[in-house]
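Welcome! Let's take a friendly walk through the aromatic rings of this protein and a few of their neighbours.

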Amino acid sequence: MKVQCDREKLARAFAMAASVVPSRSPKPILRNVKMMVTENDVTLMATDLEVGIRIELPPFAVESPGSVIFPVDRMGPILRESSDEQLTIETDGTRIKVTGRQSRFQLPAENPDEFPDIAPFTESRYFESPARLVRELVRRTVFATDQESTRIALTGVLLEITGQEVIGIGTDGRRMAKQMGSGTLVGNEGGGEGEVISAIIPPRVMHLIEKALAENEEQAQIAVRENEVLVKSQKTTIFGRLVEGRFPNWRRVFPDEPFPSQVEMSVGPLYSGVRQAAIVTSAENPGIEFAFEEGKVTISGHGAELGESRIEIPIAYEGEACRLKMSPKFLVDYLRVLEPEQTMTVSFKDPSSPVVFSTDDQYAYVIMPLASGS
């Protein structure tokens, strides 16, 4: 095998593939990235058998096709540190040569046939949605999952797909994030009317999906099998094992009845106010208090020996005065995934009922207030 590559493009793709490679594995071959070269295509593959990635690279100058196994801890630094624009990679089965105008490396070679195959995306039934929406769905839900929960289902993001809609849900049992969006279920001729395709996807897979969907890509395809999910973008295919378990009924969490109090707020000022008020909080008294009054909301924190904080934000509020105590961490997690100039609606009833934050792009977030002594 011999191929001439654009070093920068190969380095970016290699770093993405290397993020899947396990640092330890009972199968040493998995601690590598495989490159497969044909006359027309160059493909990188990596897997730990739970998560896998397949990346199609731009056409390179192929002198002879074949396959090669790259040790991540050697090839990664070579691609990062080399100053050559072009690198020639060749192997005779016993060693790998990486050559540039100013550099030359030689690495031991392994048998590419021992590496597990990662098949391309060939699903005939899949959900297609804008890549931008899929990226936002990941960012806006995955932070709310619980990685330490004994309820395994809470460690993942629930994905629900119908004919024209996708819903992502993340929760740790104390807060819940929901992102909805539109798309098309392709190849659903055999599906029943109103069928819902559900899958609980591990955060590791969700983060990889977010990274793999480049800013310039228009569409992403999502296919759910019995125990795995496949996501395809223009050049990348990702597969991941699904989380087993029963996910909570999220529809019961979002209140159906109208809220007596609602107010529109800008993300930036509220984000700043929450972070300032949280400065004096402590492990013993972690909450911050919101006092909604006509024309303003006052955010305050009390940390015993740490002192007090008080921040006022003018708002267009005309309802009854209400005091709510909430976790600043839960609020910061939510606010940081929104744009500072974005507007949201805060809906509440009383100090012991759920508080709902919603935006006009079908994103909603529920927090349970803290008890007054928290």
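## Charges over rings

A charge is said to sit over a ring if NZ of Lys or CZ of Arg is within 6 Å of the ring centre and within 35 degrees of the ring normal. Please keep in mind that you are looking at a predicted model.

With that in hand, turn to R275: its charged end sits over the ring of Y271, 5.2 Å from the ring's centre. You can also look up K178, whose charged end is placed over the ring of F254, 4.3 Å from the centre of that ring.

## A pair of phenylalanines

Rings also meet other rings here, and the structure holds 11 aromatic pairs. One of them joins F14 and F70: the ring centres are 6.1 Å apart and the planes stand at 65 degrees, so the pair is edge-to-face, the cut-off for that being over 60 degrees.

Where do F14 and F70 lie? F14 belongs to helix α1 (residues 7-18) and F70 to strand β6 (residues 66-71), so the pair ties together parts that are 56 residues apart in sequence. F14 counts as buried, at 3% relative accessibility, and F70 counts as buried at 1%.

## A tilted pair and its cluster

Next, find F143 and Y365. These two form a tilted aromatic pair, with 5.8 Å from centre to centre and 50 degrees between the planes. The pair links distant parts of the chain, 222 residues apart: F143 is in the loop between α3 (131-141) and β11 (157-161), while Y365 is in strand β26 (residues 363-367).

Are F143 and Y365 buried or exposed? F143 is buried, with a relative accessible area of 18%, because buried means under 20%. Y365 counts as buried too, at 0% relative accessibility.

F143 and Y365 also belong to a cluster linked by ring pairs, which includes Y334, F357 and Y363 as well.

## A stop at A278

Our last stop is A278, in the loop between α5 (267-277) and β20 (288-293). Its relative accessible area is 21%, and A278 is therefore partly exposed, a class that lies between 20% and 50%.

Which residues does A278 touch, leaving out those up to four places away in sequence? They are I288 and P328. For a sense of distance, try F239 as well: F239 and A278 are 39 residues apart along the chain, and their C-alpha atoms are separated by 40 Å.

Terms used: Residues numbered from 1 in each chain as written. Predicted model: local features only at pLDDT ≥ 70, side-chain atom pairs only at ≥ 80, totals over all residues. Heavy atoms only, no water. Phe/Tyr/Trp six-rings, centres within 6.5 Å; stacked < 30°, edge-to-face > 60°. Helix = DSSP H or I, 4+ residues; strand = E, 2+ residues; numbered from the N terminus. Buried < 20%, exposed > 50% of the residue type's maximum accessible area, 1.4 Å probe, protein only. Contact = heavy atoms within 4.5 Å.
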